[in-house]
Structure formats: structure tokens, C-alpha cells
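Please take me through this structure in the viewer, one selection at a time. Tell me what to select and what is found there.

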Amino acid sequence: CRTEMSNSSAAAPAELLKFVGCSEFRSRIALSILTGKPVKISSIRAKLENPGVREFEISYLRLIEQITNGTVVRISETGTVVLVRPGILTGGEFEFDCCAERGIGYYLEPLMLLGPFGKRSLSVKLTGVSNNSMDPSVEAVSYSCLPLLRRFLGRDSGSELSLERRGCHPVGGAEVRFQCPTVSKLKPLDLTQPGKIHRIRGMSFTCKVSPGMNGRQIVSAKELLRRLVPDVLLTADHCTGARGGQSPGFGVTLVAETRDGCRYVAECMSRPSGVAVAEASVPEDVGLTAAQLLCEEIYRGGCVDSISQPLALALMALCDRDASRLLTGPLTPHSVRLLRLLRQFLGVTFRLQSRPAGDDGLGGDKVLCTCVGSGFANLSKLVR
């Protein structure tokens, strides 16, 4: 009952795919688990003073072992070579302690790609850092990626993402629960009309600092956003005690919603505690920066934002053998590298058509991404 492409040959051993460097580490491993193709990643930071895999990458490999059965992971003594022989994607219910060097969003993105194809529905409780300046926050993933995932699963899919405790970088202390049902096949996507923005929503949070900082962030963000649309509503979340984690911090997450259900998400948070006073951020700067980043996402346009763009492309490649279309803004470097991996692992090639800004008069240049899905099927789901 291995999860694999429905047209693949189970008798022939899978070819070992070789990669160099640490780029797209998560995507390589996740696609290896889905397709059953072993991967060997060499020269991982080999030229740096501190070579090899980092603690957060080892933590990610432990998470992969947790949601699979029979996966073999081998790391060289220097840490510069990683060999992964994939097992069966099982899913199930469990708890996992994420490395505090990266945010929980770092682990949620591949879980959303793997979750629909397990033998059992995925229900995982993640602990660690919910907000940092490097990875998407839990709110950003919830606003941007979760609605997109539901489009592929079906609107009554039962996928949920909830933040039970917040925890800022560097110590963390957050608790997050993610649930994802299994499906036999993903539904093709046809998303080419983003629609007009009609409202902006958002969340301002503070952890173990003065609650007055929420008001300062909200006022600063609204001052810019109300020039775009009149309907702007930002709520405040002041976290104290155990609910506020173990590190102080504050930040803002914003989402612009269109009439056709598309979303653009941007966020900004304070620098972690312990930095020099001259480098510390103030609430007004955080709120204004978040609003400016949201304006950039709106200008980029398309039907998905920068956060969910790679997930959308990966799920399109895993869809049933039917055409999927997605209008997006300029492709991010992460998305470009992912497209190459999708061709290597799944044999799916995307057709990319440039749509100049003059075609609709809104924002910057767009890209129309079209592909025929690989026909990927969850065989453990089909036999039930």
C-alpha cells in the first residue's frame, strides 16, 4: 500500500537521485517520500567553516521518520552527505518538538504537501517557535496556505490549523495543532481570476511585553492601509503567562482578501530579545513595514501570494491527469528551483506564459502557469 504514482512500476527499483548543496533540502526529501525515489545530497555547506547539516535539518529528518514507516536516513560523519531511502507514508497522530532555530512554519509547509497522501489522516501537535523573522508564522500559513490546500482537497476536507500557544524566537514555547485528511487524488486547480480587493484583515500580537504596543502597531499599519481600501480591521492578541511562550516579542500579520476568494499575506515582527538597543525595532516600524510588505504582495498580484506559490505549484503537479492553471505574480527563486525538482521527480513540465501588466492594468507582470498533473494517487486510500 505504498503511496506512489498510479502508473509506476513496483517491480523495478527506483533510481537514486543525486543532488549537491543544501538548497531545497525540504522539497527534495518530501518529493522522495512521495515518489519512492531515494536521494543522496552531498557537499552540504562543504566550503563553510562549519560544514554539514544544521540542527533544524536533522529535526526535519526526524519529522519525516515520524510520519513514515521504513524510511532509512544516513548522515556522514562530517554531516556533508545525507542519504534517504524512503519508506511508506503512514501519517497518524503524534507530537513533535521542532528545533527552535527555525519556526514551526518551516515544518508545516512540507507537512501540507505530504499529509493528503498518508495511510491515515494526519493529526500532529507541533511545539517550538511560532513567530520569527525567517519563516512564515502560523497565522501566515493559516491565512495563505490552508485555504489553498482546501481547494485541492475539497471544501469540506476537514483540514485545520490552530495556534494553542504562541512562542517567539529564540526560545519559543508555542503549541500548534495541524490536521489533514487523506484523499485518493487531488482535484485539478483552475485559478486565473484574482478579483478585486475588498477588505483587509489582520492580527497584532504581543508576548510578554506591554499590551499598549498592539495599539501602536495597529495605528501605524492602518495609516497606510486605509489609503487602499476603507474596510480595514486589525485585532489585538495580548499573550501572557504560558500562552505567551518563553520569549518576548511583538508583530503584525496582514491579509488582503479579494471578492473571488484570493488572499495576499504579509507580516513583520520585532527582532529577538538580546540584540543591541540601537538595532531594536519599535512597534510603529513593525506595523508600517508589515503594511508596506502587503502592498508589495498586492502589486505582485496573481491568485496566490509568495508564501503559498511553491505549495500551489507542487500540488498542481501531483493532481490527477488533467490540466491545472494558476495565475501568479513573478516566480520566486524558491518556486523556480521547485519547478526543476518537479520535473526530475514527477516528470511534470510547466508551461509558463508571461502576462504583462498592461493586459489588466493592475500591478506588475504576471505568469500563467499551466501543467497536466502526474496522476499521483494514494494507493492506500484507493484500496479501502
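Select Cys-145, Leu-148, Leu-149 and Phe-152 in helix 4, then add Leu-311, Ala-312, Leu-315 and Met-316 in helix 7: these two groups meet. By class, this contact of helix 4 with helix 7 has eight nonpolar residues, with no polar and no charged ones. The model is a predicted one.

Now show both helices whole, taking residues 138-153 for helix 4 and residues 309-317 for helix 7. Their axes come within 10 Å and cross at roughly 15°. Angles under 35 degrees count as roughly parallel, and helix 4 and helix 7 are therefore roughly parallel to each other. The crossing of helix 4 and helix 7 is right-handed.

Next, the other helix pair. Which residues of helix 1 meet helix 3? Select Arg-26, Ala-30, Ile-33 and Leu-34 on the helix 1 side. On the helix 3 side, select Gly-105, Tyr-106, Glu-109, Pro-110, Leu-113 and Leu-114. The contact of helix 1 with helix 3 divides into seven nonpolar residues, one polar and two charged.

For the geometry, display helix 1 as residues 25-35 and helix 3 as residues 105-114. The axes of helix 1 and helix 3 come within 10 Å, with a crossing angle of roughly 25°. That angle makes helix 1 roughly parallel to helix 3. The crossing of helix 1 and helix 3 is right-handed.

Move on to the aromatic rings. How many aromatic pairs does the structure hold? There are seven aromatic pairs. Select Phe-25 and Tyr-60, an edge-to-face pair with 6.3 Å centre to centre and 65° between the planes. Phe-25 belongs to helix 1 and Tyr-60 to helix 2 (residues 55-67), so the pair ties together parts that are 35 residues apart in sequence. Are these two rings buried or exposed? Phe-25, at 3% relative accessibility, counts as buried. Tyr-60 is buried too, with a relative accessibility of 0%.

Then select Phe-96 and Tyr-107. The ring centres of Phe-96 and Tyr-107 are 6.2 Å apart and their planes stand at 55°, so this pair is tilted. Phe-96 is in strand 8 (residues 91-97) and Tyr-107 is in helix 3, and the pair links these distant parts of the chain, 11 residues apart. With a relative accessible area of 9%, Phe-96 is buried. Tyr-107 counts as buried at 0% relative accessibility.

Keep both pairs on screen and add Phe-56 and Tyr-106. Phe-25, Phe-56, Tyr-60, Phe-96, Tyr-106 and Tyr-107 form one aromatic cluster. Within that selection, Tyr-106 is also one of the helix 3 residues that meet helix 1.

The last stop is a loop. Select Ala-46, which lies between strand 3 (39-42) and helix 2. Ala-46 counts as partly exposed, at 44% relative accessibility. What does Ala-46 touch, not counting residues up to four places away in sequence? Select Pro-51 and Thr-80 to see these contacts of Ala-46. Finally, set a distance label between the C-alpha atoms of Ala-46 and Gly-21: they are separated by 8.1 Å, while the two residues are 25 residues apart along the chain.

Technical notes:
Residues are numbered from 1 along each chain as its sequence is written. This is a predicted model: local features need pLDDT of at least 70, side-chain atom pairs count only at pLDDT 80 or more; totals for chains, interfaces and linings use all residues. Side-chain values use heavy atoms; hydrogens and water are left out. Axes are lines fitted to C-alpha atoms, for helices over the stretch in contact, and angles run from 0 to 180 degrees between N-to-C directions. Helices (H or I, at least four residues) and strands (E, at least two) are DSSP runs, numbered from the N terminus. Angles under 35 degrees count as roughly parallel, over 145 as roughly antiparallel, 65 to 115 as roughly perpendicular and the rest as oblique. A crossing is left-handed if the near helix is turned anticlockwise from the far one by less than a right angle, and right-handed if clockwise. Contact means heavy atoms within 4.5 Å. Ala, Val, Leu, Ile, Met, Phe, Trp, Tyr, Cys and Pro count as nonpolar, Asp, Glu, Lys and Arg as charged, and the others, Gly among them, as polar. Rings of Phe, Tyr and Trp (its six-membered ring) pair if their centres lie within 6.5 Å; planes under 30 degrees apart count as stacked, over 60 as edge-to-face and the rest as tilted. Buried means under 20% relative accessible area, exposed over 50%, partly exposed in between (1.4 Å probe, protein chains only).
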